[in-house]
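Me: I should like to understand how the terms used for a protein structure are justified. May I ask about them one at a time?
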Amino acid sequence: MKGSTHGCFPPPTNYFLFFHPPDVKADNTAFSIGGIWSVAKPSLVPGSWVSVCLSYTAQDALWTYYTAGKERASGTLRSSKRKTPPAEVAPSGWLVVGQDQDKFGGGFQADQSFRGQVARVRLWGRVLGAGEVAQVAECGGGAGDGLLPWLTGAWTLNHTARVIEIPRDEICRKKGPYRTVLSPALPYSTAEKQCSAIKANLATPGNREDSDRLRTLVQETDPSCYGGPNQPLLWLGATDEKQEGEWVDAKDAAMRFTAWAAGQPNGGRRENNAAMTGAGAWADVSSKVFSYCAVCDAADPLVLTVLGLCENLPHDHYYVQESHANTKPYFRGYTVSNISWLEDRWLAKHPDSKILLSYTPILPYEYPFGRRGWVVEGAEGCGRPGDGSLALTLTTCSRGNFTCDDGSCLPMEMRCDSQADCPDESDENHCELMTIPESYRRHIPPRSSQNDAAYPVSLHVSVLALEIITDKMEIVMDFEVTLQWLDRRLVFSDLNEDSVINGLRLDHLNRLWIPEVSFANAKGNAHTLIDGETDGSILRWGEPRSGDSTYSREVYFFTGAENPIQLKRKYSATYSCSLNLALYPFDTQVTHEQVTTMKGMNCLVENVRSYTGSGALACDFVLGAVDDFVSWGGQRRQRGKENWNSVGRGRRGR
Ligand SMILES: [Ca+2]
Ligand SMILES: [Ca+2]
Ligand SMILES: [Ca+2]
C-alpha cells in the first residue's frame, strides 16, 4: 500500500473496514469489523511501499496489526454496548479497495477515496503466524494465496482508478538506503549539516557495487559535479578525525570497504576526510579547503512536513522525496503538488492552482530544509494584504519536537527554556509567552465561567520580618504578597515547568487586568504595586495543546483557564499597634493585619474574603497553622501548601 486516504466513517453496512481516516489522530490506522471500531498505530510511511496486515479471529475477537511484517499492535474487539464480539462474516458480498461503500457495492465518493497505489491485496481464511506475515511482507510465497488471490483483471474499476504495472522489485525490494544528492559542490561542514537536517548521514559505499551506484547517481543527477576521472567527485562520510589513521564512516562504524587511490591516504593530521574521484578512487583531503558534491544516506524515505502553510494555500502538507530532477531532489506531495528545483529557485507547485511558492537560496547549494522565507505568487500570502512572503518550515522532525531554523530537531521542552539548544540558537527566538486578544479590556476583570459573576483570586501573605518600635507603639512588617488568578481570555505559549522562565515583563503586566489589594490598617496608602520590583510569571499547570501546521514554528499552547498568572512582591508597612507592651514578653495580645481588595474588584469580594487577621501576629512570632481562605471556583487546588496559605495565626512565643 502506498499513499493516503481521505474518508469518513461509514454507515454500518460495511462488515469490514480498514483505513486511515482523517478524523482519527493522524498517526493512527482505524478498522472496524461488524460495526465495532478500533484504532492501531503506527500508520504507514507515506510515499513508500509498506506491507499492512490485520488478522482477526471471530471466536475470541482478537486482532493483531502488522506493518512491514512486524507486529505493531493487538487487542480485543469489543464495544461498550455490545459485550459479544461481532458475528462471523456472512457469505457473498463486495470487497472494495480504495473506498468505503456507502451502499451495497456503491455510493462511492471521489473525495473519500484512497489516493495512492495498492497492490497484492489478499484474504486468508485463517490467522497467519508471525513468521508467515513477515514472509508475505517480503513478497515470499510461504502463506499461499489464501481465499482471495491478487488478480489484477478481477477488479471493477470506478472513477479514476486504473491498473498500472509496477515491477515486483519496487514493492518487494530491500529498503534503503534512501539517497539524496547534494549539489553543486559544497563545503564538507555544510554537506554534513544538510544531511543531518534530513535525518541522514553522508554516504560511504559498503562495497564496489554500491560505490559504482553512488558515483553514477551523482554524475547523473548533476553532471557539473564531475570534473574528470581523476578529479574529486563527492564527499564521503569516511573520516579519521577522531583517531588519526583509523577511518570510520559517518555513523562511527568501522569501514567495511575502502578504495584508496595509490599513495592515499597521505595527509596525516591535515587531511581527515575522504573524497571519491570520478573514477571511484578515494583520497584523504582537508575538509576546510575544498567543496565537492555529496550524497546523504537514510534508512527511511525522506518525508518532509511543511509548517506555516495557511489555509488558503492548496499545497500539500507532506512530501516524499521520490527522485531527483534538474540536479536536485524532487519531492512529491501526498496528493498532487510537488517541490522541485528550477533554474535558481525551489518551487512548490500545485497543478490546479495558480498559487506558486518559491524560495531562492543565496548560495546555490542551500536546501530549503528548516525555516525559510518563501515568496507567494498569485495570492496574497495568508490573506493579509501586501503580504507576499511566508515563513515556511520544511521539517523531518517528528511530533513532540521543535524544528530549529537550520532543520535540526529538539524536544519541545527545550523550546523557550532560556537556554540555547539549536546550533543556530533559534529555539530561543520568538518566545511570545502570551497572546492578548484584541478584544481584551484590562479594566474588565476575568470571569471564571459564563455563569459565574465572581472571580477567585488567591492571596498569600508571607511575613518576612517584624520590627516593634516600642516607644511609638508601632509594628513595621516586611511581607511578601503572592496573588494568583486565572484569566481565561489569555493564551500562553511554550510554558516551562519552571515558572521563573515564564516571567512576565512589566509591559506585559501593564496590559493585563491585575487584582489590587490594599493593606487597610497600615499607615499611609499601602497597597500592591506593579513596578520593577514586581515578579510576574505564568504557572504551567495545564496540559499543552499543539498548534496546527499553519504555524511555521511548532508551538505548545496553554489556556489561561488552567494556567494561573502569579504576582509576587515584597512590601514593608507600618501598623499602629494598640498593644500594651508593658508586660512584654510575659503575656499574649492580638493585633490584626487587615487586607482588603479594592479598585474594580467588586466581583472578587464574593469569593475572596478579605483577610481580617483571624489569628494573632506575634511580636516574637511563630507563624502557625493557616487558613485557606481562597478557592478556585470552589475547588481548592493542592499545589503545595505554601502557595495557598495565608499568614496565619501567630502565637506569641516565650
Ligand atoms: Ca588524517
Ligand atoms: Ca591525501
Ligand atoms: Ca532552549
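Reply: Let us begin with a sheet. An open sheet of three strands has the order 2-3-4 and antiparallel pairing. Its edge strands are strand 2 (16–19) and strand 4 (36–40). From one strand to the next, the twist averages 15°. The model is predicted, so local features need pLDDT of at least 70 and side-chain atom pairs count only at pLDDT 80 or more, while totals for chains, interfaces and linings use all residues. Residues are numbered from 1 along each chain as written, chains are lettered from A and ligands numbered from 1 in the order in which they are written, and side-chain values use heavy atoms, without hydrogens and water.

Me: What makes strand 2 and strand 4 edge strands?

Reply: Each of them pairs on one side only. Strands are DSSP runs of E with at least two residues, and helices are runs of H or I with at least four, numbered from the N terminus.

Me: How do you know that strand 3 and strand 4 pair?

Reply: Two strands pair if DSSP finds at least two bridges between them. Five bridges join strand 3 (residues 29–33) to strand 4, so the definition is met. The two strands run antiparallel, and Ser32 stands opposite Trp37 in strand 4. In general, strands of a sheet pair through backbone hydrogen bonds.

Me: Why is Gln264 called partly exposed?

Reply: Buried means under 20% relative accessible area, exposed over 50%, and partly exposed in between (1.4 Å probe, protein chains only). Gln264 has a relative accessibility of 24%, so it counts as partly exposed. Asn266, with 47%, is partly exposed as well.

Me: What makes Gln264 and Asn266 donors of the calcium ion (ligand 2)?

Reply: Donors are N, O and S atoms within 2.8 Å of the metal, or 3.2 Å for Na, K and Ca; water is not among the atoms, so sites may look incomplete. The protein donors, among them Gln264 (OE1) and Asn266 (OD1), lie 2.2 to 2.4 Å from the calcium ion. Along the chain, the donors follow the spacing Q-x1-N-x4-E-x12-D.

Me: How do you know that the buried residues of helix 1 line one face?

Reply: In helix 1 (residues 130–137), Val133, Val136 and Ala137 are buried. Seen down the helix axis, they fall within an arc of 100°, so they line one face. The arc is that of the directions from the helix axis to the C-beta atoms. What covers these residues includes strand 5 (52–57) and strand 6 (62–67), where contact means heavy atoms within 4.5 Å.

Definitions and conventions. Axes fitted to C-alpha atoms, helices over the stretch in contact; angles between N-to-C directions.
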